[in-house]
Amino acid sequence: MIFITAKFSVRPESADRWPEIAADFTAATRNEPGCLWFDWSRSVEDPTEYVLVEAFRDDDAGAAHVQSEHFKAAQQTLPPHLSRTPRIVNMKPEQDDWSLLGEMAVPES
């Protein structure tokens with residue numbers, strides 16, 4: 001899989017509305033056949049920072065994503081709401097889902 005985490009620094013005047021601003025892009029991406037997940041979180045320390053955790057099945061799915069019409073639209077509509085270029089970590093782990101965090105295992109009941 002392709003695993004991506006990106007940090008978005010959103011302009012203060014857009015921060016509370018960011019989920020709405022990115023809603024069409026988010027919904028369209030989640031509907032891509034190769035999208036495994038596409039989840040936004042807001043920083044508890046910086047209300048203008050959002051973190052996107054996304055994963056795609058393989059290279060073909062990642063390529064389809066960045067070539068999609070909704071990605072091209074997002075390249076135009078999202079940057080005006082950002083205070084700087086997003087930062088990204090992009091990896092290809094040898095797995096296709098989340099692993100368990102054994103150090104915090106919860107006993108089954």
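**View 1. The hairpin of strand 2 and strand 3.** In this predicted model, strand 2 and strand 3 make up a hairpin in which six residues lie between the two strands. Strand 2 covers residues 35-42 and strand 3 covers residues 49-56, and their antiparallel pairing runs over seven bridges.

**View 2. Residues facing one another across the hairpin.** Phe38 has Glu54 of strand 3 opposite it, while Ser41 has Val51 as its bridge partner in strand 3. As background to a view of this kind, side chains in a regular strand alternate between the two faces of the sheet.

**View 3. The four-stranded sheet.** The sheet is open and is formed by four strands in the order 2-3-1-4, with antiparallel pairing. Strand 2 and strand 4, the latter comprising residues 87-91, are the edge strands, each of which pairs on one side only. From one strand to the next, the twist averages 10°.

**View 4. Helix 3 and helix 4 on the sheet.** Helix 3, which spans residues 23-30, packs on the sheet and touches strand 2 and strand 3, its direction making about 155° with that of strand 2. Helix 4, made of residues 59-67, also packs on the sheet, where it touches strand 1 (2-9), strand 2 and strand 3, and the direction of helix 4 makes about 130° with that of strand 3.

Notes. Residues numbered from 1 in each chain as written. Predicted model: local features only at pLDDT ≥ 70, side-chain atom pairs only at ≥ 80, totals over all residues. Heavy atoms only, no water. Pairing = 2+ DSSP bridges. Axes fitted to C-alpha atoms, helices over the stretch in contact; angles between N-to-C directions. Contact = heavy atoms within 4.5 Å.
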